[in-house]
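Please look over the sequence and the model before reading on. The paragraphs below go from the chain as a whole to a pocket, then to ring pairs and backbone angles.

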Amino acid sequence: MAADAAELERRVMAAVKASAARGDPPLLQAAEAARCAREAAASGSASCGLALAEALVANLCFAHNTGSMWKLLDQAMSSRLVHPLHTLALLTPRVVPNRRQQPEAYRLYLELLGRYAVAPVYPERMERKSMLAKSIDDAMQLANRYGCQHLDFGHAVILFVLSLVEMLIDCILDDCGLLNISTHEHGNIYTKNMDFGGKGPHDRGDEHREHLRRKNILMSIEVVEKATANKIAQVFLRLVYLNTPENFNYLLRKLQLIGALESKNVLPAYNLLDSLTMNIQNVISTRYQLDRSRLLGVLLSTQPCSSSVFSIFGAGKGSCWVPFDMFMENAMDGRHLHAISSVEFLTELSKTLQVLNRATWQETFQALWISGLRLVQRGPEALEGPFPHLYSRLCMLLAIIPLSVATIVKEEVDKLDGGMVSAIKEELVSSLQILVQFSGLLSPPPATVHFANTAARKAAIVLSNLKSGNENLYGYSKDSSAIKAVGNMLHLIVEACIARNLIDTSAYFWPGYVVPLEASSQAQESPWSSLTEGSPLVELKDALMVTPASSVAELEKLYSFAVSGSEEEKLAASKVLCGASLLRGWNIQEHVVQIVLKLLSSFLPLDSGSDGRYVQHMPMLHALISGISSVDAVHILSMYGLVPEVAAMLMPLCEIFGSLPPSDHRSCNFEKASVYSVFSSAFLSLLRLWKFHRPPIENALSRHGVFVRSIASKAGIY
């Protein structure tokens, strides 16, 4: 590993020097360095950004400590070629101990610290978060210093900010001769690890450097004041104050020491010292409000609320849970398609608000369900336009929220023993049972009445089988075929939770859960049951397209047709997958979107000379692309964080079908599979991803698609 790192450092510097010799600006030099890191990461397990940051910092400290290298690093951080927090974590243990020997480097480090330490924490995918947390911890020794056994990304960011504030204050105290009073345990470890005294004798004869060292003290005060004034940093410090008061008290003791600087002739910084003290007092008193900024990638409020406040949340007055509503409404904003899954966003937001509001998991889950129900109830009724329709909002309530809850429950189960595991499951059940008090929110929209009644009927059949002594409680019989029940949104939520193993079917026995009705007409059997029993797919296609699948087993049966069936069966399977199962299959929706993208990706990569293969599969491609291009389908894919993958698949398909000559584009029908229609569907889908907030482009299509053909002609495609 050391040899690989040394080789990467050498290659990065060679690329940077070659780029500089060509006269490239720092940004292009950083891009060249990133290219080397990508090539190295392709053959190993290391992340490109992490490896690049380590190579740049290793060269900068101090073999190539030049202004141009610092500018290159700044460009790499601002363009996110490297992660700013990780880069600062790598710089800190290298630059700070040598700040007296290298005052120029320390000053440039302070500038980067002031610029990026309090910048918004940009959202990352879960696997990258784990790598970042480990890398930051390895560089700063956060777990060892603060006594944590394991650091996730959120903890790493919070302790990173705390450690930087402590480090800056320690540097100020040390440079003014006041550090030796510290007696705190992790302070001693920190001081020993960082060796603030530097190495070697000080060059007191160099007046310029000595002047720069004095200016660095003032700049350190400016940076720590700026950091503690930042609202996001104040939230992090507030979490430290609430959860580890011993660490926060240690910080307060250092602030008391820093007050002695008034007598050290650091008069120009007097107002900054007052501001620094006031910032920390604001953290304790919470006399501040967050603006509409991003914290860990989401909007949130920092004002905590107690259980007594939550007791009136049913009336919609729980302002401490408003961030849930804000996040969900932002997720419906057609101007933004997010590259990160809403499940990850909502999971992080839920854990953060649960801590800030000092709430139980029952209160947090209840707030989630109520926010999701409100989102559905205030859905727009427009039949067209860039706004997501009802199914996107139902996706949030019945798929995204249950998946977020499942992630939280799994994390809590991994941390707790058996007794506590059952406790969190009971809190989830309680959060569902209490929803019966919100009858107005539970009223299903007209388009979902049938699905709610179907969910309620499923429970009614179980109760009927139990009453009649039928051993197969969940089976259908002739007697149960006439049973009907009145359902609401709670029944759909419960089924979504059962499908993801969050609760079991004992929910069917909750008091008042089932309101059965004796029907004179028999309920029709699901076409999916007929499919699994061996009925021909082609004959059931129309019924399957309007009926969502109810289990993963049914999807796997359909997928087998899409992969190994006849051409007619492949086309039918593609249309069925992109029908009701994609838009309304809330209990298995996460599996549907993955299967659709898996089928679409099976046509990649685009090998040269393989045009015939794509022409042969045009009907299936057209069905898949058309199926995922509706307003709701695009937004559902966005909520699962799949927009980048979809765009990456559509672009080469546009290229290959845009280069094929259409048989007779004047007679092409946009609804039928052809070279023209496949290209047009893929091209329009890309435009929708690019300018999703604009009205649907297909509104401008004539019967024969003149609009798209004119665009393609101008682009030189036809």
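A residue is called buried when its relative accessible area is under 20%, exposed when that value is over 50%, and partly exposed in between. These terms are used throughout for this structure, which is a predicted model.

Start with the chain as a whole. Its secondary structure amounts to 35 helices and four strands. The chain has 718 residues, and 53% of them count as buried. The area that the chain exposes is about 31,800 Å², with carbon and sulfur atoms supplying 54% of it. Contacts tell how the chain is put together: taking those between residues at least 6 apart in sequence, 74% join residues that are at least 24 apart.

Next, turn to the second largest pocket. Its volume is about 1,300 Å³. It is lined by 39 residues, of which Asp152, Gly154, His155, Lys351 and Lys415 are the closest to the centre. Six elements are named here because each gives two or more residues to the lining under the helix and strand assignment used: α7 (126-140), α8 (142-146), α9 (153-175), α12 (231-243), α17 (342-356) and α19 (390-415). Which of the elements gives the largest share of this lining? That is α7, with seven residues. Sorted by class, the lining holds 17 nonpolar, 10 polar and 12 charged residues.

The aromatic side chains come next. The structure holds nine aromatic pairs. One of them joins Tyr241 and Phe248, with 5.2 Å from centre to centre and 65° between the planes, an edge-to-face arrangement. Are the two residues of this pair buried or exposed, or something in between? Tyr241 has a relative accessible area of 28%, so it is partly exposed. Phe248 has 0% relative accessibility and therefore counts as buried.

A further pair is made by Phe451 and Trp586. The ring centres of Phe451 and Trp586 are 5.7 Å apart and the planes stand at 80°, so this pair is edge-to-face too. An angle over 60 degrees is what the term requires. Phe451 belongs to helix α22 (residues 449-468), while Trp586 sits in the loop between α28 (580-584) and α29 (589-601); with their positions 135 residues apart, the pair links distant parts of the chain. Phe451, at a relative accessible area of 14%, is buried. Trp586 is buried as well, with a value of 5%. Elsewhere, Tyr508, Trp510 and Tyr513 are linked into a cluster by ring pairs.

Last, consider the backbone. Most residues other than glycine have a negative phi. Against that background, Arg80 has a positive phi of about 65°, although it is not a glycine. Where is Arg80 found? Arg80 lies in the loop between α4 (67-78) and α5 (84-95). With a relative accessible area of 31%, Arg80 is partly exposed.

Gln141 is likewise not a glycine and has a positive phi, of about 55°. Its place is in the loop between α7 and α8, and both of these helices give residues to the lining of the second largest pocket. The relative accessibility of Gln141 is 36%, so Gln141 counts as partly exposed.

Note on methods. Residues numbered from 1 in each chain as written. Predicted model: local features only at pLDDT ≥ 70, side-chain atom pairs only at ≥ 80, totals over all residues. Heavy atoms only, no water. Buried < 20%, exposed > 50% of the residue type's maximum accessible area, 1.4 Å probe, protein only. Contact = heavy atoms within 4.5 Å. Areas by Shrake-Rupley, 256 points an atom, 1.4 Å probe, with all protein chains shown as cover. 1 Å grid on protein atoms, 1.4 Å probe; cavity = no way out; pocket = protein on both sides within 12 Å on 5 of 7 lines; lining within 4 Å. Points joined across faces, edges and corners; volume = space filled by probe spheres on them. Nonpolar A, V, L, I, M, F, W, Y, C, P; charged D, E, K, R; others polar. Phe/Tyr/Trp six-rings, centres within 6.5 Å; stacked < 30°, edge-to-face > 60°.
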